[in-house]
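This briefing sets out the computed features of one protein model for a computational chemist. Please consult the sequence and the structure alongside the text.

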Amino acid sequence: MAALVLFVLNISLGSVAIPIKEVFKSLSGQSISKESWHYIVVNYRLPKAITAVLAGIGLSVSGLLMQTLFRNPLAGPYVLGLSSGSSLGVAFLIMGAGFLPGFLGAFVLSSYGIILASCVGSFLVLLAVLFVSQRLRDTTAILIVGLMFGSFASAIVGVLTYFSTAEQLQKFTFWSLGNLGNLSWTSITILTVCVLIGLLLSIICLKPLDALLLGENYAKSLGLNFNKTRFILIFATSILAGSITAFAGPIAFVGLAVPHIAKLVFQTSSHLVLFWSTVLFGAIIMLVCDIICQFPGSDVILPINAITSIIGAPVVIWLLLRKRKMML
């Protein structure tokens, strides 16, 4: 219910305030007082609200998968280096477009060109991680390899930014801050399909995830095919985090914080409960952050990355302190 209310508020609030009653009319296809309101709702705010829900759900679930797989509370959706791979692809595109012919350079710097570059960069890192995961038995070693891939890609991005112009650097910085808007309905459809595939793969692994909480050896003693489960978890995380990064940019903190919030609120280790609570909290937190980003009543729009960290960090700290007080 809270997610639905926030979804409607997200569409209603913004630089132009639209009454909630008019929002419902617009969504149901009825005629509303101002045609401009209908245009804003259908072409701008509804796609952005859907993107916020998909990003919140996808990043939160992938964070839960990684924290359980690596048994590390600091693991998140980008721990495998996917975000750095996406950043590297976009950096190569933005800072190397000047060497391409005019018409080709214009295409690659369009929104679709940037999405394609982000997907290619993330996919190459995914292939490298999957290749390594098939040859390493130690899950911790895979975590280290993922971090090394991320560091390597970040280093190359740093070199590219050093030699880039101010305009190129500004464009890359804006992308890296994250953006939930400006997605077409075609892009949202593709993102929805990717997120649904990642969620279905995650649901398949819910029972194996419970076994993994007690360690790899215990899970294997129960008859779990650990290598297959690990492959599915890494692939699901890659689809979720990679697709969201491609379409919305690298969004920080949500994937790390939301699984902890779900665990603190429900006080359970059952992944069936944690999965659905993470889905719910991920959508709610992203919608709240997006509402704050819009500065209702103002033309100012803040980057989503800044708000997710500003809002999320105090919430997690408060929940941890509250839990400690309850235990005393």
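The points below are grouped by topic, from the overall fold to individual residues.

The model is predicted, not experimental. The protein contains 15 helices and zero strands. Its radius of gyration is 21 Å, which agrees with the value near 20 Å for a compact globule, given the 328 residues.

**Overall dimensions and packing**

- The C-alpha trace spans about 65 × 55 × 35 Å along the principal axes of the protein.
- Of the 328 residues in the protein, 49% are buried.
- When contacts between residues at least 6 apart in sequence are considered, 75% of them join residues at least 24 apart.

**Surface and charge**

- The protein has an accessible surface of about 16,000 Å². Carbon and sulfur atoms account for 71% of that surface.
- Positive side chains number 18 and negative side chains number 8. The centres of these two sets are 11 Å apart.

**Cysteines**

- The structure holds zero disulfides.
- For C289, the closest cysteine sulfur is that of C293, at 6.7 Å. This separation is too far for a bond, because a disulfide requires the two sulfur atoms to lie within 2.5 Å.
- Seen from C293, the nearest cysteine sulfur is likewise that of C289, 6.7 Å away, and C293 is in no disulfide.
- C289 has 0% relative accessibility and therefore counts as buried.
- C293 has a relative accessible area of 3%, so this residue is also buried, the cut-off being under 20%.

**Residues with positive phi**

- R71 is not a glycine, yet its phi is positive, at about 50°. R71 is placed in the loop between α3 (35–69) and α4 (82–96).
- The relative accessible area of R71 is 53%, so R71 is classed as exposed, for which the cut-off is over 50%.
- Q267 also has a positive phi of about 50° although it is not a glycine. The loop that holds Q267 lies between α13 (254–266) and α14 (271–293).
- With a relative accessible area of 52%, Q267 counts as exposed because the value is over 50%.

Note on methods:
Residues are numbered from 1 along each chain as its sequence is written. This is a predicted model: local features need pLDDT of at least 70, side-chain atom pairs count only at pLDDT 80 or more; totals for chains, interfaces and linings use all residues. Side-chain values use heavy atoms; hydrogens and water are left out. Helices (H or I, at least four residues) and strands (E, at least two) are DSSP runs, numbered from the N terminus. The radius of gyration is taken over C-alpha atoms; the globule rule is 2.2 Å times the number of residues to the power 0.38. Buried means under 20% relative accessible area, exposed over 50%, partly exposed in between (1.4 Å probe, protein chains only). Contact means heavy atoms within 4.5 Å. Accessible areas come from the Shrake-Rupley method with a 1.4 Å probe; for residues, only the protein chains shown count as cover. Lys and Arg count as positive and Asp and Glu as negative; His and the chain ends are not counted. The place of a charge is taken as NZ of Lys, CZ of Arg, CG of Asp or CD of Glu.
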